[in-house]
Amino acid sequence: MTSDRPTRPHGTFTPAATIGRVLSRAGYKPFTTRKDTAFSGHRCTWDPSQNETTVSHRCGDSTHPEALDVERQDMLTEYEQLLRAKGYVVEWIGAGYALRVRPARLDQETS
């Protein structure tokens with residue numbers, strides 16, 4: 001059977017998938033949507049040109065609009081602490097809407 005994703009075969013993991021698994025194994029759920037309802041959680045994306053992963057927190061539909069920024073900041077802070085403890089280099093992006101993550105060994109090689 002041929003792959004439905006010919007440019008990214010099944011079983012190929014990006015660094016974003018690895019970081020997503022680290023967060024999931026620590027008990028943090030990924031962002032999901034089910035039948036017109038969004039559940040809050042982390043979302044990881046890989047940028048191969050920059051060789052880094054962006055981690056963001058998406059709030060669910062049930063989050064009160066005034067609490068969106070507070071929830072996002074709290075969760076990103078928890079993600080940052082966990083990833084730093086696991087040996088990743090973590091930086092905040094912009095005004096604190098996401099994290100930029102690189103493996104520590106990669107950061108040491110470029111220094």
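**Exercise 1. Place His-42 and describe its surroundings.**

Start with the backbone: His-42 sits in strand S3, residues 41-47 (strands are DSSP E runs of at least two residues, helices H or I runs of at least four, numbered from the N terminus). Before going on, note that this is a predicted model, where local features need pLDDT of at least 70, side-chain atom pairs need 80 or more, and totals for chains, interfaces and linings use all residues. Residues count from 1 along each chain as its sequence is written, and side-chain values use heavy atoms, leaving out hydrogens and water.

Next, burial: His-42 counts as buried because its relative accessibility is 5% (buried is under 20%, exposed over 50%, partly exposed in between, with a 1.4 Å probe and protein chains only).

Last, neighbours: leaving aside residues up to four places away in sequence, His-42 touches several residues, among them Leu-23, Ser-24, Phe-31 and Tyr-79 (contact means heavy atoms within 4.5 Å).

**Exercise 2. Work out how H1 packs on H2.**

First, geometry: the axes of H1 (residues 15-25) and H2 (residues 68-85) come within 11 Å and cross at roughly 105° (axes are lines fitted to C-alpha atoms, for helices over the stretch in contact, with angles from 0 to 180 degrees between N-to-C directions). So H1 is roughly perpendicular to H2 (65 to 115 degrees; under 35 is roughly parallel, over 145 roughly antiparallel, the rest oblique).

Then, the residues: H1 brings Ile-19, Val-22 and Leu-23, while H2 brings Tyr-79, Leu-82 and Leu-83.
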